[in-house]
Each structure stands twice: as C-alpha cells, then as structure tokens.
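This report describes the fold elements, cores and selected residues of one protein chain. The sequence and the model are shown first.

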Amino acid sequence: MLVKVYGSAVFGIEATTITIEVNIDKGIGYHLVGLPDKAVSESSYRISAALNNNAYKLPGKKIIINMAPADIRKEGASYDLSLAMGILAASNQIQSENIHEYIIMGELSLDGSLQPIRGVLPMAIKAREEGFKYFILPKENAKEAAIVDNLEVLGVENILEVINHFDGNQKIEPTIVDTRAEFYKNIDFPEFDFSDVKGQESIKRCMEIAAAGGHNIILIGPPGSGKTMLAKRLPSILPPMTLHEALETTKIHSVVGKTKNNGLLYQRPFRSPHHTISNVALVGGGQYPRPGEISLSHNGVLFLDELPEFKREVLEVMRQPLEDRDVTISRAKFTVTYPCSFMLVASMNPSPSGFFNDPNSPMTSSPQEMQRYLSKISGPLLDRIDIHIEVTPVPFEKLSEERKGESSVDIRKRVTASREIQSKRFEEFENVHYNAQMSVKQIRKFCKLSPESLSLLKTAMEKLNLSARAYDRILKVSRTIADLADVADISPDHIAEAIQYRSLDRDGWLG
C-alpha cells in the first residue's frame with residue numbers, strides 16, 4: 001500500500017514542503033531514498049524502538065520510503081515522526097483517511113516521546129501558505145508555531161497521542177496564541193537602563209543620535225571608562241520592535257533553535273560574540289549553512305568589544321553585509337540568503353596599553369606599537385562606521401553623585417519620534433527606513449545644505465584632512481541630529497556636532 005505524508009525542510013529562513021511517500025510490499029528490507037543525511041538514515045532504529053515500546057511494530061515487509069523532492073538534502077532527526085506515521089498508515093495500523101491535511105514533524109526518543117525541533121516558525125508559515133489545515137509537532141514547539149494564524153497547531157508529547165488522534169480515541173487540543181495581544185502585552189524595557197550611567201553626558205547624546213538614525217558607532221577609550229556599560233544599554237533606547245520585525249527576527253532564531261520561551265521574540269536582540277569567533281560563526285555558513293551572529297542580531301545590536309583583538313579576516317567579511325544588510329552564502333548546489341540589518345557597536349582601547357592620552361597613567365605605547373595596534377582595523381571597515389567617539393574615564397565626583405541620570409524611557413521617546421519622521425520621509429523607498437540606510441542619491445536629496453553649512457563643512461574637511469567617505473557620513477549624522485531637534489533644514493550647528501563624531505578620520509589622530 002502507498003501512503004503520502006507531509007513534512008517540511010528549512011533552507012535559509014524559508015521552508016519547503018517535503019512529500020514522504022511510503023510503500024509497503026512483499027519482501028524484506030528498509031530502503032530510505034531522497035538524499036537523506038546520516039541522522040535521517042538512522043531514523044529506522046529510533047522508529048522501530050519507539051513503536052515496539054508503544055505496542056506497535058515495524059512491519060516485516062519491504063518498506064520503501066521516498067522523500068521528495070529527491071534533489072534536496074534532508075537533514076536532522078525531525079522527520080522521525082512523519083516517517084513513523086507514514087509507516088503505520090501504509091501498514092494499516094492506524095486510520096489515515098485525512099493524513100494528507102497534516103504537516104507532521106518531530107524527533108522520536110526510543111520510548112516514543114518527542115524532542116523539540118528547530119525552524120518551526122518558517123515551517124508553520126509555509127504550511128499555511130500551502131493550504132494545510134493541521135500541524136502536528138512536539139509540545140515544546142507548539143507555542144512558536146501557533147504564532148501563525150489560520151493553522152491548527154497540535155502539540156503532542158509522544159507518538160501514542162498522535163496514533164490515538166488519527167484513530168479517533170483521543171482529541172488533541174490545538175494550541176492557540178493571540179499573537180498581537182501577546183506581542184503588545186510583552187513589550188517592556190530591558191533590565192539595563194541609562195539612568196545607571198554616571199556622567200558621560202556627551203557619550204549618552206552620541207548613543208541617542210546613533211539609535212535615532214540607526215548609525216554604526218565605535219567607542220574609543222581606556223579600560224574602565226564605561227564603553228561596555230554604555231553599549232549594553234543601547235537596546236533600551238531603540239524603538240520597540242514592530243510585529244513584522246518581531247516575526248522576521250523570530251524566524252532567524254527559530255532556524256538555530258534559539259527562540260526564548262518557544263514563542264515570539266519581543267526584545268531587540270543584543271549579540272556580543274567573543275573576539276576568538278571565526279568568520280563562519282560571525283557571518284554564517286558551514287556544511288549546511290546556518291545564520292551567524294550578524295543575522296542573529298538582525299533588527300538589533302551587534303556589539304564587538306575590543307575590536308582590534310578580532311582577527312582581521314573576520315572583520316573584513318563584515319564589510320559587504322554592513323552595506324547590503326543581507327548575507328548570501330553560496331554552495332555548489334544551493335544558495336541561501338539571511339537578512340542582517342543590525343546596528344554595529346564596537347569598542348576599542350586607543351592603544352595596546354589602553355591609556356593613550358591619559359595624563360594620570362604612566363603607561364605609554366610607542367608610535368610603532370600604536371600603529372600596529374590600530375592597523376588591525378581596516379580603513380574600509382571604519383568608513384562604514386558613521387560615529388567615532390572618544391570615551392573618557394568618569395571623575396570621582398560624578399561617580400559618587402546620588403542623582404540619577406536621564407532614564408532610557410525618556411530618551412527612547414525622543415528616538416522613536418525621530419524614527420517616525422524618518423519613516424515618513426522614506427515611505428516611498430522599499431528598503432530604506434532610517435537615515436543610516438540612505439544611498440548617495442538619497443543623501444543628495446534629503447541632506448541639502450545652506451551656504452553657511454557648506455562653508456563650515458568645507459573648512460572642516462580641509463583643516464582636519466577628513467576622508468571623502470567621511471563627507472557622506474557627516475551628512476547622514478547631521479540629518480539625524482536635525483530630526484532629533486524636529487527641524488526640516490540642516491543648520492551649521494548640526495554639521496558642527498556631526499564633525500565632532502569623526503575622531504578616527506582625522507589626519508594625525510595618533511598625535
């Protein structure tokens with residue numbers, strides 16, 4: 001007897017429906033075809049034990065299973081349940097009249113219980129698109145799949161529940177999640193708040209500008225000056241995620257099995273990889289490509305602490321994703337693209353000792369050591385960072401103050417208002433939502449300068465020997481400063497403030 005059961009495979013952040021054809025005929029043998037990997041090929045042992053331990057059996061006949069399309073590689077143990085149900089249906093051990101209406105996925109343990117799987121949200125979206133009515137999967141993943149409406153999500157703990165469901169002996173209650181209600185109920189503020197930061201008013205202002213325009217930022221300062229503390233608080237002043245952004249971010253985290261509470265992600269991600277990270281782990285890839293840290297920080301913040309300590313080739317592979325805001329990983333047989341629209345926040349010491357230009361420290365570095373240290377960061381990478389700011393240590397008087405600084409809630413209101421102005425400005429452009437994403441053509445259109453502003457910028461470019469690329473960065477940042485002030489035109493004051501935020505562009509920064 002031939003039976004068709006349906007499962008799902010995830011490539012990139014999109015799913016593809018897999019048709020599992022099970023044919024049982026005279027003879028003996030178990031043949032699994034359709035480009036399965038080792039984990040899928042080993043499923044027969046898990047299925048046999050799970051069925052035996054639940055009073056069912058693997059039929060002693062010739063079982064041929066084809067997983068179509070046959071040219072797509074099937075990987076992982078998440079097909080165990082769909083293969084097992086196909087075998088039971090083809091051997092008439094269960095009722096299977098409407099099994100074609102189900103997507104069935106889950107990894108079996110030897111006792112028949114189910115283990116959680118990855119990539120559930122893309123699978124559920126694809127199942128709804130293709131008109132499936134039901135999605136059977138492990139109970140731990142049910143809440144995540146239930147984000148998708150118009151699809152009955154049936155979370156189960158073991159294979160016996162699924163068998164009883166098809167035989168009509170037990171009804172599985174569908175998991176229901178009101179996505180919008182859950183989303184708006186769970187939007188809250190992260191644990192880190194800018195009110196904890198003593199002093200550093202100019203740096204807070206810088207962070208506010210970076211958040212308002214989505215600008216990449218690098219903090220340069222000695223150890224203990226508060227660089228990491230400030231970076232960790234940046235997500236608290238970013239505008240709350242929209243429902244669309246939350247779904248897009250959750251899809252990426254679902255693919256790598258990192259969804260929190262197995263549901264929708266409500267907070268913007270903050271990723272802080274160690275400097276020993278490989279370029280594959282940062283950008284994504286591997287034999288079966290997975291998203292890297294830059295994609296996991298999509299719609300959030302990627303923090304690279306001690307930037308010069310990262311391997312140069314690791315930093316260089318970020319150049320293209322920073323510009324294009326997606327990363328494409330190509331293999332001989334397929335290509336996957338992951339989105340990676342993130343804010344880059346980097347920090348570094350100004351010298352190997354960390355105390356360059358600090359009058360209170362006797363530790364100094366020679367010009368050669370300084371040059372060697374700073375040359376680890378390439379010019380093209382720095383060109384993609386809009387704001388460079390020097391962070392100085394906080395004096396004791398400020399540290400001992402009882403007065404709290406401005407809270408993240410108040411700063412976030414101004415940032416959100418500025419982002420709304422930018423959303424209206426760029427509503428006719430498909431992939432541009434805030435100032436940092438502007439192309440050269442859009443900069444010329446939206447960053448027109450008065451003669452006074454143009455004269456000031458020209459003088460600064462000549463006196464400070466700023467690079468040509470710095471010109472566009474200064475215009476983008478000054479546009480954001482004007483938006484924060486809620487004014488239409490860029491004034492000389494806005495240009496002057498933006499020029500201050502290009503420390504590393506200045507000729508002779510080493511002194």
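## Strand pairing, cores and local geometry

In strand β17, A346 is the bridge partner of L304. The strands concerned are β14 (residues 301-304) and β17 (residues 343-348), which run parallel and are joined by four bridges. Both belong to an open sheet of five strands in the order β11-β14-β17-β10-β18, with parallel pairing. Its edge strands, β11 (270-271) and β18 (387-390), each pair on one side only.

The model is predicted. Its chain has a mean pLDDT of 88, with 93% of the residues at 70 or more. Among the elements of the chain, strand β5 (residues 102-104) has the highest mean pLDDT, 97, and helix α17 (residues 396-399) the lowest, 63. Over residues 507-511 pLDDT stays under 50, and for this segment the model has 13 contacts beyond four places in sequence.

Parallel pairing also links β5, β8 and β9. Strands β5 and β8 pair in the parallel sense over three bridges, and Y102 has Y134 as its bridge partner in β8. Strand β8 (residues 134-138) pairs in turn with strand β9 (residues 152-156), again in the parallel sense, over five bridges. Here I136 stands opposite L154 in β9. Strand β8 is mostly covered, as five of its five residues are buried.

The largest nonpolar core has 66 residues, of which Y79, L81, M85, I104, F135, I136 and F166 touch the most other members. Helix α3 (residues 80-90) supplies the largest share of this core, with eight residues. Apart from it lies another core, of 47 residues, including V197, I387, A460 and A482.

How many residues of α3 are buried? The count is 11 of the 11, so the helix is largely enclosed by the rest of the structure. Among the buried residues of α3 are D80, S82 and G86, alongside L81, L83 and M85. Leaving aside residues up to four places away in sequence, M85 touches V5, I94, I99, I104, I159, V162, I163 and F166.

S82 is likewise found in helix α3. At a relative accessibility of 0%, S82 counts as buried because this value is under 20%. Its side chain reaches the backbone oxygen of I104 at 3.3 Å. With residues up to four places away in sequence not counted, S82 touches V5, I20, I104 and M105. Just after α3, N92 takes a positive phi of about 60°.

Two further residues have positive phi values. Phi of L35, a residue other than glycine, is near 60°; L35 lies in the loop between β3 (29-33) and α1 (38-41). For N299, also a residue other than glycine, phi is near 65°, and the loop that holds N299 runs between α12 (293-296) and β14. L35 is partly exposed, with 33% relative accessibility, whereas N299 is buried, with a relative accessible area of 11%.

A cis peptide bond joins A68 and P69, with omega of about 0°. P69 is found in the loop between β4 (62-68) and α3.

Why does C206 form no disulfide? The closest cysteine sulfur, in C447, is 18 Å from the sulfur of C206, which is too far for a bond because a disulfide needs the two sulfur atoms within 2.5 Å. The structure as a whole holds zero disulfides.

V440 is placed in helix α19 (residues 440-446). Its C-alpha atom and that of K476 are separated by 10.0 Å, although the two residues are 36 residues apart along the chain.

The table below lists relative accessible areas for selected residues.

| Residue | Relative accessible area | Class |
|---|---|---|
| C206 | 0% | buried |
| C340 | 1% | buried |
| N299 | 11% | buried |
| L35 | 33% | partly exposed |
| V440 | 46% | partly exposed |

Conventions: Residues numbered from 1 in each chain as written. Predicted model: local features only at pLDDT ≥ 70, side-chain atom pairs only at ≥ 80, totals over all residues. Heavy atoms only, no water. Core = buried A, V, L, I, M, F, W, Y, C linked by side-chain atoms within 4.5 Å. Buried < 20%, exposed > 50% of the residue type's maximum accessible area, 1.4 Å probe, protein only. Helix = DSSP H or I, 4+ residues; strand = E, 2+ residues; numbered from the N terminus. Contact = heavy atoms within 4.5 Å. Pairing = 2+ DSSP bridges. Polar contact = N/O pair within 3.5 Å; in protein donor to acceptor, adjacent residues only side chain to side chain. pLDDT = per-residue confidence, 0-100.
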